[in-house]
Amino acid sequence: MSDSDKKEGSLGLMKKTLVILLISCMLIAIFAAVAWGALTAEEIIRRRDDNEYYDSAKVEAEMIIINRNRRIVKTMTSYGQGDNGLVVFTNPRDRGTKFLKRGDDLWMFFPDAEDLVKISGHMLNQGIMGSDFSYQDLMEADKLIDLYKFELLGEEEFNGRPCYVLEGTAAPGKEVSYYQRKSWIDKERFVGLREELYARSGRLLKVMTVTKVAEVEGRWFPLESVMEDKLRKDTRTEFVVKEIEFNPEIPEGTFTLENLR
Amino acid sequence: MFLTRLALKNLTRHRNRTLLTSFLIAFAVFFYTLMDSLIAGMVEMSYETIIDYETGHLQLATGAYWDKEEELPLENLLELDERLLSVLGNLEGKPAFLPELSFSARLNTGFSDLPVIGKGVDSAQLLKVFKLEGQFVEGEIFTPGEYRAVIGKRLADLLKLQTGEYITLLVKDKNNTFNTIDLEIAGLVHTVNPNVNNYHVYLPLDLVQQALDVGNQVSKVVLRLADRSLAADLAGRLQNSLNKDHPNITVIPWNQMEALAFEDVSHLENQLILMITLLIAAIAIINTVILSALERMGEIGMMKAMGLQTREVVYTFVLESTGIGILGGLAGLLFGAAAVWALVSYGMDWGAMMGGVDMTSFGIPVVGRTYGVWNPGAFLFVFLFAVLVSSLSSILPSYWAASKDPVKAIDHH
Amino acid sequence: MGFLTKLAFKNLFRHKLRTLVSIIAIAFTVMIVVFARGYILGAIDSTYANQIYYNSGHIKIVDQEYWEQERIMPLIYPVDGFPGGDLEEMVASLQETDEIEMVIPRLKFGAMVSTEEDLVAMSGWGVDPEQEIIFTNIEDYLVEGRMVEPGKLEVVMGTALLEKLDRRVGETVTILMNTAFSSLRGVTFKIVGRLETGLKVLNEHLFYLPLDQAQRILEMEGQVTEVLLVTSKRNLVKKVLPKVKELIAERGADGRYLALSFKEASDIMAFLEMANIIYNEVYVFLVLLGCIVMIMTMIMIVKERTKEIGTMMALGLESKNILQLFLIEGAIMGSIGSFLGALSGLLFTGYLAKHGIDFGEAVGAFDAAHLINPIIYPVSSPGNAIFAFVLGSIIVTIACLIPARRAARLEPTEAMREE
C-alpha cells in the first residue's frame with residue numbers, strides 16, 4: 001500500500017477531528033442586526049466576515065459526529081483571540097487533550113505524551129488526499145473575500161427566513177479547497193444559514209445547514225449547525241454552541257505553550 | 001608426451017570405468033544446467049510481476065518528483081514537450097513508452113468508498129507497455145476522451161461493482177481544489193500483481209490532465225524494452241542525451257526502483273541449491289578417483305617398476321582424470337544444452353503438470369508457462385568445476401598410491 | 001546365510017580402504033540429500049513466510065466489514081469474541097480445534113508522528129510479544145535492542161522508519177493515534193528495538209507495541225482487528241479451514257466473521273505455488289542424482305572384482321550364492337553408510353533449523369536490506385532422515401546386484417581373465 005494510502009487511512013479520521021474543532025473555535029459568524037439597504041455581494045460577505053473578527057470570545061461547544069449508526073459526542077471549551085485559539089476538551093474520552101493555535105502553527109497537548117506535538121500549517125496539506133476539510137479550509141474561512149469572487153444571485157427564502165443567495169467562485173490563482181460556494185445569508189440578521197460547497201466539476205460535496213440561531217449581546221450567530229458530506233451516505237457532523245461569551249476575561253498567558261501543559 | 005599417451009591408453013584400457021565416471025559427471029552437469037535454467041526462469045517470472053505491470057524497464061521523471069514519489073504529488077511534473085517526445089520516439093529499438101499521470105483519489109460508489117491510485121494513461125500505449133491485454137476478466141479497455149475506466153476485479157469485488165456501473169473519483173487538483181471525475185467501468189482486470197488488482201484505476205490521460213489542471217504534464221514516462229538487461233545501459237545513454245535540454249529529468253532503470261522490494265527471490269538462496277548438486281557430483285568424482293587409485297595399485301607398481309617417478313605417475317593419473325572430466329563435462333553440456341533449449345523454446349505448462357494446484361483466478365491463468373533462461377555463465381562454470389574437481393581430486397590418492405613400495409604394490413593384488 | 005554373511009564381512013574387511021571410502025561416500029551423499037530436503041523445505045517456507053507471518057497466518061479471522069475496508073485499517077469492526085463470549089473465550093475455543101497450534105491476536109491501526117517538517121504516517125501492530133517471537137522469529141531481525149514487553153509503553157521500529165523520525169533506540173517518540181471512538185491520543189513510547197529485514201513494510205512503515213497497551217490506548221479492551229491461526233504444517237489448512245468455519249457457524253458468528261486461508265490472502269499465491277513446485281522438482285532431481293551416484297559407485301566396485309568373482313566360482317561358489325554375497329555386502333555398506341549419513345544429516349539440519357542460515361551476513365549489511373528473507377530455516381524432520389536411510393540402503397543393495405549378476409553369468413575362467 002502506498003504511503004499516501006496509509007496517510008489517508010490514519011489521517012483522514014484525525015484531520016476531520018482536528019480541523020472541525022478548530023473551525024468551531026474560529027468560525028463564529030456574528031452580525032450586527034442592522035440592515036443596510038441594497039448591498040453588493042462583496043459587502044454582504046464582508047459584513048459577515050468582519051463580524052468574525054471579534055476581539056475575543058469564550059465558547060462552550062459540543063460536536064456530534066454521526067457515522068451510519070455510530071454517534072460520538074465531544075464537548076469542549078474554547079477561547080479565541082485574534083489569531084490565537086485554545087480548545088480544551090471536556091468529554092470523558094478526550095479529557096485532558098488541548099489544542100493551541102498560534103498563527104499558522106498548531107500545538108497539541110495529550111496527557112500521555114511527554115512533549116507537545118507541533119503541527120505546522122503546511123503539514124496538514126501536504127499531498128494529503130482527504131474528503132474532509134484540510135487546514136487550508138480553515139484558513140479559507142477567514143479570508144473568503146480574498147479567495148473568492150462573489151456574485152449576488154438573488155434572494156430566496158430558506159427555512160422561513162429571507163436570505164441573500166451568493167455564489168463565490170475561486171479567484172484565479174488562489175488555492176482553495178472548494179471551487180464554488182453558495183451561501184444563504186439571512187437578510188436581516190446577516191447570519192449564514194446554509195452553505196453549499198462544490199468541486200470544480202460542479203459536484204456538490206458538502207452542505208452546512210444552520211438549524212438554530214440566537215441573539216447574544218446584540219449579535220446574531222448560529223447556535224446549532226450541521227455539516228453533511230454529500231458523497232457519503234449517513235454521515236454528518238453537528239455543532240452545538242452551549243454557551244458563548246464575548247470579550248470575556250481571558251487570563252494572560254492563556255495562549256502560551258506553558259499553559260498547554 | 002609419453003605420459004600423455006600413457007594416460008590416453010589407460011583411459012581406453014579401462015573403458016568401462018572411464019565411461020562410467022564420465023557418465024556420472026555428464027549426469028551431474030546436465031542436471032545442473034537444467035536446474036539452473038529452471039530456477040532462473042522462476043526468478044525471471046518474479047521480476048515480471050513488477051516489470052510487466054508496474055515499473056516497466058525504465059522510467060523518466062523530474063529529479064524533484066522522484067524524491068516525493070510515494071506521495072503522488074502534483075508538483076514537479078514532467079512536461080511532454082516536442083523535444084522530449086522526439087527523443088523518446090527516436091530511441092534505438094523504438095521501445096514502447098507510456099506517459100503516466102498518477103494521483104491519489106477516493107473511489108466513491110455512493111455506498112462506500114476506498115482510497116485508490118489513479119493512473120491517467122493512453123489506452124493504446126498502456127497495452128503496449130504493460131501486459132494487461134490478456135488479463136481482462138470482463139469488458140475491455142477505454143478509448144481516449146471517453147469517461148470510462150478500468151479497475152482490478154479485486155477492487156471491484158470489494159466495492160461490489162461490475163462492468164457498466166458508475167463510479168466517482170474524488171481528487172484534489174494541483175491547486176488543492178476538490179474535483180470529481182465520473183466514470184463508467186469499462187473493464188475489469190486480474191493480474192499476478194496485487195497492487196494493480198487492488199489499487200489501480202486506469203483512465204484516459206487527457207481527462208486526468210484536465211481534472212487535475214496540470215496542462216500537458218505527466219508524472220512519469222514508462223518504457224518497455226525488448227529485454228530487461230538492456231535497461232541499465234539505455235538508462236545511462238538516455239540520461240546523457242537528455243541532460244542538455246532537459247537537465248531536470250532523471251532516468252531510472254527498473255532494478256533501482258523502490259517497487260522491486262515487493263518480492264525478490266534471492267539469488268544466493270537459489271545458488272545454494274545448485275551448489276548441492278555440485279557437491280554430490282564432487283563426492284562421486286572423488287569417490288571414484290580414490291577407488292580406482294586403490295584398484296590400480298598393481299598397475300602403479302608396474303609403472304614405477306618400469307622406471308617412472310612418483311611425480312610422473314601422479315601426472316599420468318591427473319591427466320586421466322582431467323580427460324574423464326572433460327569428456328563427461330562436454331557430454332553433460334551437450335545434453336544440458338538440448339534440454340535448456342527445449343525449456344527456453346517451449347517452456348513448462350503448469351496447468352497440465354500439477355493437478356490439484358489452482359493456477360487460475362476468475363478463470364484466468366495467473367501463471368502461464370514458465371520458460372527457461374539461457375545462462376552461458378552457468379554452462380561454463382559447471383564445466384570448469386567438473387574438470388577441476390576431477391583433476392585435483394586425483395592428485396592426493398594417486399600420490400599416496402604411487403609412493404608405496406612398487407614391490408608391495410604389485411603384491412597388493 | 002551365516003556362512004555368506006561371514007564371508008561378506010571378511011571381504012569387506014579385507015579391502016578396508018575400499019570399503020571405508022565407499023561407506024564415506026554413501027554417508028556423504030545421504031547426508032547431503034537429507035540436508036537438501038530440509039533446506040528446500042525451508043526455502044519454500046520462506047517464500048510463503050511474508051504472507052503467512054505478516055499478513056494472514058495460515059488462517060485469518062476478521063470481521064466481514066473489516067475485510068472490505070482493510071486498507072484504511074478501521075477500528076470499528078473488531079474481532080472480540082463469539083456471541084455470548086469474549087475474546088479470550090474465542091481464542092480458547094479456537095486453540096482447542098484440532099491441528100491448531102497457535103492463535104495469534106493482532107491489533108493493527110494507523111498512526112502518525114510529527115517531526116519538525118513532516119507528518120510521518122505509519123501503522124502500529126499491537127501484538128503479544130512472546131507469541132510473535134515464536135511465530136515469526138522476529139528476534140532474528142532485531143539488530144539492536146529487544147522486543148517489546150507486555151504492560152510497558154514500548155515500541156520496536158524498522159531502521160528506515162527510525163531514520164525518517166530521526167530517532168535512536170533508547171530515545172522516546174510521541175505517536176499520534178485515533179481511538180475506536182475517534183478521539184485523538186498522543187502517547188510517548190520508549191524505543192527499545194530496531195528491526196532490519198528486507199520487507200519494505202516492516203522497515204519503513206511499521207512499529208510493534210504490546211497488545212495490552214494498544215487496546216488500552218485505542219479504547220479497544222478485549223478487542224483486536226484480526227486473529228491468526230497457525231497449524232503445524234501449511235498443507236493442513238485445507239483440512240482445518242472447514243473445521244474453523246464450522247466452529248464459527250456453530251457459535252452463531254458466521255454472519256459476522258470471515259475465516260480466510262492464506263491462499264486467499266494474496267494474488268501472488270499462484271506464483272508461489274509454482275515456484276515451490278520447481279523447488280520440489282529440484283529435490284527429486286537431487287535424490288535421483290544421489291541414487292545414480294551410488295549405483296555407479298557400486299557398479300564400479302563390483303566390476304573391479306570380476307576376477308575375484310571368477311576365483312570364487314572356480315572354488316565352487318554357485319552364482320546364486322555369489323549374488324547373495326554381493327547383496328549382503330551391499331546391504332552392509334549401504335545400511336552403515338546410510339545410517340551415518342542420515343544421522344549426521346539430521347544433526348546438521350537440526351542445528352541449522354534452530355539457528356538458520358543467514359544469507360544476510362554472507363552478503364553484507366547493505367545488500368541484505370534487499371533480501372526479503374535473508375535467513376532460511378531448514379526444516380528438520382526425522383521422517384526425512386529415515387526415508388533417506390531406507391532409500392540409501394535399498395539403492396546400494398540393489399546397485400550391487402546388477403554388475404554381480406553379469407559377472408556371475410560369466411564362465412569362471414573368463415571372469416578371472418577380466419581386468
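Q: Is the crossing of α2(C) and α13(C) right-handed or left-handed?
A: This is a predicted model, so let's start with two helices in it. In chain C, α2 covers residues 16-56 and α13 covers residues 319-355. Their axes come within 7 Å and cross at roughly 35°. As for the hand of the crossing of α2(C) and α13(C), it is right-handed.

Q: How many nonpolar, polar and charged residues does the contact of α2(C) with α13(C) have?
A: Sort the residues where α2(C) meets α13(C) by class, and the charged group turns out to be empty. What's left is split between the other two classes, giving 15 nonpolar, 11 polar and no charged residues.

Q: Which helix gives the largest share of the side of chain B that touches chain C?
A: Where these two chains meet, 48 residues of chain B are in contact with 47 residues of chain C. On the chain B side, α2 (15-55), β4 (113-121), α7 (194-199) and α10 (267-295) each supply at least two residues. The largest share is 16 residues, and it comes from α10(B).

Q: How do the residues of the side of chain B that touches chain C divide into nonpolar, polar and charged?
A: Stay on that same face of chain B, the one touching chain C, and look at residue classes. The division there is 34 nonpolar, 9 polar and 5 charged.

Q: How far apart do the C-alpha centres of domain 1 and domain 2 of chain B lie?
A: Chain B is split into two domains: domain 1 takes in 2-50 + 265-412, and domain 2 takes in 58-224. Going from one C-alpha centre to the other, the distance is 52 Å.

Q: What about chain C: how far apart do the C-alpha centres of its domain 1 and domain 2 lie?
A: Chain C is also divided, with domain 1 made of 2-48 + 271-417 and domain 2 of 74-224. Here the centres are separated by 49 Å.

Q: Why are the buried residues of α8(B) on the same side of the helix?
A: Helix α8 of chain B runs over residues 205-212, and L205(B), L207(B), V208(B), A211(B) and L212(B) are buried. They pack against β3 (96-108), β4, β7 (166-172), β8 (178-189) and β9 (200-204) of chain B. They share one side of α8(B) because, around the axis, they cover an arc of only 160°.

Q: Is M227(A) buried or exposed?
A: M227(A) is in strand β13 of chain A, residues 219-229. Beyond its neighbours within four places in sequence, M227(A) is in contact with K206(A), M208(A), R236(A) and T237(A). The C-alpha atoms of M227(A) and T237(A) are 5.1 Å apart, although the two sit 10 residues from each other along the chain. Since M227(A) has 21 C-beta neighbours inside 10 Å and 20 or more is the cut-off, M227(A) is buried.

Q: Is D166(C) buried or exposed?
A: D166(C) sits in the loop between α6 (159-165) and β6 (172-178) of chain C. D166(C) isn't a glycine, yet its phi is positive, about 55°. Since D166(C) has 10 other C-beta atoms within 10 Å and the limit for this class is 12 or fewer, D166(C) is exposed.

Q: And S182(C), is it buried or exposed?
A: S182(C) lies in the loop between β6 and β7 (184-195) of chain C. S182(C) has a positive phi too, about 60°, without being a glycine. With 20 C-beta neighbours inside 10 Å, S182(C) counts as buried.

Methods
Residues are numbered from 1 along each chain as its sequence is written. Chains are lettered from A and ligands numbered from 1 in the order in which they are written. This is a predicted model: local features need pLDDT of at least 70, side-chain atom pairs count only at pLDDT 80 or more; totals for chains, interfaces and linings use all residues. Two residues are in contact if their C-beta atoms, placed from the backbone, lie within 7 Å. Helices (H or I, at least four residues) and strands (E, at least two) are DSSP runs, numbered from the N terminus. Ala, Val, Leu, Ile, Met, Phe, Trp, Tyr, Cys and Pro count as nonpolar, Asp, Glu, Lys and Arg as charged, and the others, Gly among them, as polar. Domain bounds come from an automatic or database domain assignment. The arc is that of the directions from the helix axis to the C-beta atoms. Axes are lines fitted to C-alpha atoms, for helices over the stretch in contact, and angles run from 0 to 180 degrees between N-to-C directions. A crossing is left-handed if the near helix is turned anticlockwise from the far one by less than a right angle, and right-handed if clockwise.
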